[in-house]
Amino acid sequence: MPCVSIEMKNLLLGLTLFGLTLLTVHVNGIMEFDEMEWFTNINGTKVFQTESDVYSEAKFPMVGLTLIQSAAAKGAVCLDGSLPGYHFHRGSGSGANNWLVNLEGGGWCDTIRNCVYRKTSRRGSSKYMEKNIPFTGILSDQAADNPDFYNWNRVKVRYCDGGSFSGDSENKAAQLQFRGKKIWLAAMEDLMAKGMRQAKQALLSGCSAGGLAAILRCDDFGNMFPPSTKVKCLSDAGFFLDAIDVSGGRSLRRLYAGVVKLQNLETKLSKECLNRLNPTSCFFPQNLINQIKTPLFILNTAYDSWQIQESLAPKTADPSGSWHDCRLDYTKCNTTQIQFLQGFRTRMVNLIKGFAKPSKNGVFLNSCFAHCQTERYDTWYSKNSPAVNNKGIAVAVGDWYFERGGAKLIDCAYPCDKTCHNLVFRG
């Protein structure tokens, strides 16, 4: 990542302070969103921040890492064999018996090389995980920032398996453990023992690869509780489409095929889906969402920044570099490129419409160039949070969960939405 002078950091930081976001880091050619330095374009204003500056200025609760000591005996370990973990902030008052479980995101590894590299980072080993992280957005403990869930038991389960909490295999030669499904189960068993078994209300959420995991594990989560417990799932920026890229290929399909093959997911995915489609197709949410029995809310941007960069217009599909400027800054897209992106949005809307028909499901699809909106306090619940039909994200999710009505919101096409917090990336 390019160096930025301390003077420039302070100057740019002084412009304004918005919430923690997820940005891109290239790992062996695959972009992951990460809590690193970022540019964001909010209502036309570009702002710079760093992870440490956000944490120090914004007084969010810092929540400690708990390693799951019983996990090793169950074979529930990270890529490198280390113990998995989670961060847990206990609820209080009216929320003491309610639980929000958030699954961390962070891309995938689709080759031995990528996974070996990944196990030397916090995405593959608890040895490198932060000991304390801030709880912001939907994880905040402040009623003013998170009115519906602030006093619930809130948990962030760390992601260290590279396969969206789905695998249960290993590669002995490369010393890699693909135990995402076992990590999921070990975490849930540990939380059940800490009181989640008595939950009156429960919500499983996740962003990006964690948003995909929230879909993959949604019914598993629902089946853990008695019928008397209100259980629902929320996928934030996890609706990854099996889309054609700018070269006519399918970049994300190739990535997912690698993950499925490497982690031997052929028999671990939805049996109902596998009866109809091949395993790689059954890793795509569009082929799963209509068969999920547990109520599910899909929150996504119609012009998802990660999907534009890594699925629609990745460098491998754009050898001439004609998409370079557009993929980093939507304001630099030409008319033809915008038309291509509008086609992507149309496909996403069409897939979402069928899912949205059952009353139990909810949708918030806004026309922003962003990725992940529940874990940032500026996009989750603030005066200028993104909105569709004058309803912000946190309000829409709360209305859906508590059945207050009006939780099926699909935005008009770009450039109609002036409430967006659009991410702009550096090359």
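Trainee: Leaving aside its neighbours within four places in sequence, which residues is Phe283 in contact with?

Mentor: In this predicted model, the contacts of Phe283, once neighbours within four places in sequence are set aside, include Gly163, Ser164 and Ser166. They also include Leu212, Leu216, Val259, Val260, Leu265 and Leu269. The list is completed by two aromatic residues, Trp108 and Tyr256.

Trainee: Which residues touch the most other members of the largest nonpolar core?

Mentor: The largest nonpolar core has 81 residues, and Phe283 is one of three that touch the most other members. The helix that gives the most to this core is H11, with eight residues. The three residues you ask about are Trp108, Phe221 and Phe283.

Trainee: How many residues does the second, separate core have?

Mentor: Apart from the largest nonpolar core there is a second one, separate from it, and among its members are Phe135 and Leu203. Phe364 and Ala407 also belong to this second core, whose residues number 23.

Trainee: Is Tyr256 buried or exposed?

Mentor: Tyr256 lies in helix H7, which spans residues 251-262. Leaving aside neighbours within four places in sequence, Tyr256 is in contact with Trp108, Leu212, Phe240, Thr280, Phe283 and Phe284. Its relative accessible area is 0%, and because burial requires a value under 20%, Tyr256 counts as buried.

Trainee: How far apart in space are Tyr256 and Ser281, C-alpha to C-alpha?

Mentor: Along the sequence, Tyr256 and Ser281 are 25 residues apart. In space, taken from C-alpha to C-alpha, the separation of Tyr256 and Ser281 is 8.6 Å.

Trainee: Are helices H9 and H11 roughly parallel or roughly perpendicular?

Mentor: The axes of H9 (residues 305-312) and H11 (residues 335-356) come within 12 Å and cross at roughly 110°. Angles of 65 to 115 degrees count as roughly perpendicular, so H9 is, relative to H11, roughly perpendicular.

Trainee: How many nonpolar residues are in the contact of H9 with H11?

Mentor: The crossing of these two helices, H9 and H11, is right-handed. H9 contributes Gln307, Ile308 and Leu312 to the contact, while H11 contributes Phe340, Leu341, Phe344 and Met348. By class, there are no charged residues and one polar residue, and the nonpolar residues number six.

Trainee: What percentage of the residues in the protein chain is buried?

Mentor: The protein chain holds 13 helices and 19 strands. Among contacts between residues at least 6 apart in sequence, 74% join residues at least 24 apart. Of the 427 residues in the chain, the buried share is 62%.

Key
Residues are numbered from 1 along each chain as its sequence is written. This is a predicted model: local features need pLDDT of at least 70, side-chain atom pairs count only at pLDDT 80 or more; totals for chains, interfaces and linings use all residues. Side-chain values use heavy atoms; hydrogens and water are left out. Axes are lines fitted to C-alpha atoms, for helices over the stretch in contact, and angles run from 0 to 180 degrees between N-to-C directions. Helices (H or I, at least four residues) and strands (E, at least two) are DSSP runs, numbered from the N terminus. Angles under 35 degrees count as roughly parallel, over 145 as roughly antiparallel, 65 to 115 as roughly perpendicular and the rest as oblique. A crossing is left-handed if the near helix is turned anticlockwise from the far one by less than a right angle, and right-handed if clockwise. Contact means heavy atoms within 4.5 Å. Ala, Val, Leu, Ile, Met, Phe, Trp, Tyr, Cys and Pro count as nonpolar, Asp, Glu, Lys and Arg as charged, and the others, Gly among them, as polar. A nonpolar core is a set of buried Ala, Val, Leu, Ile, Met, Phe, Trp, Tyr and Cys residues joined through side-chain atoms within 4.5 Å. Buried means under 20% relative accessible area, exposed over 50%, partly exposed in between (1.4 Å probe, protein chains only).
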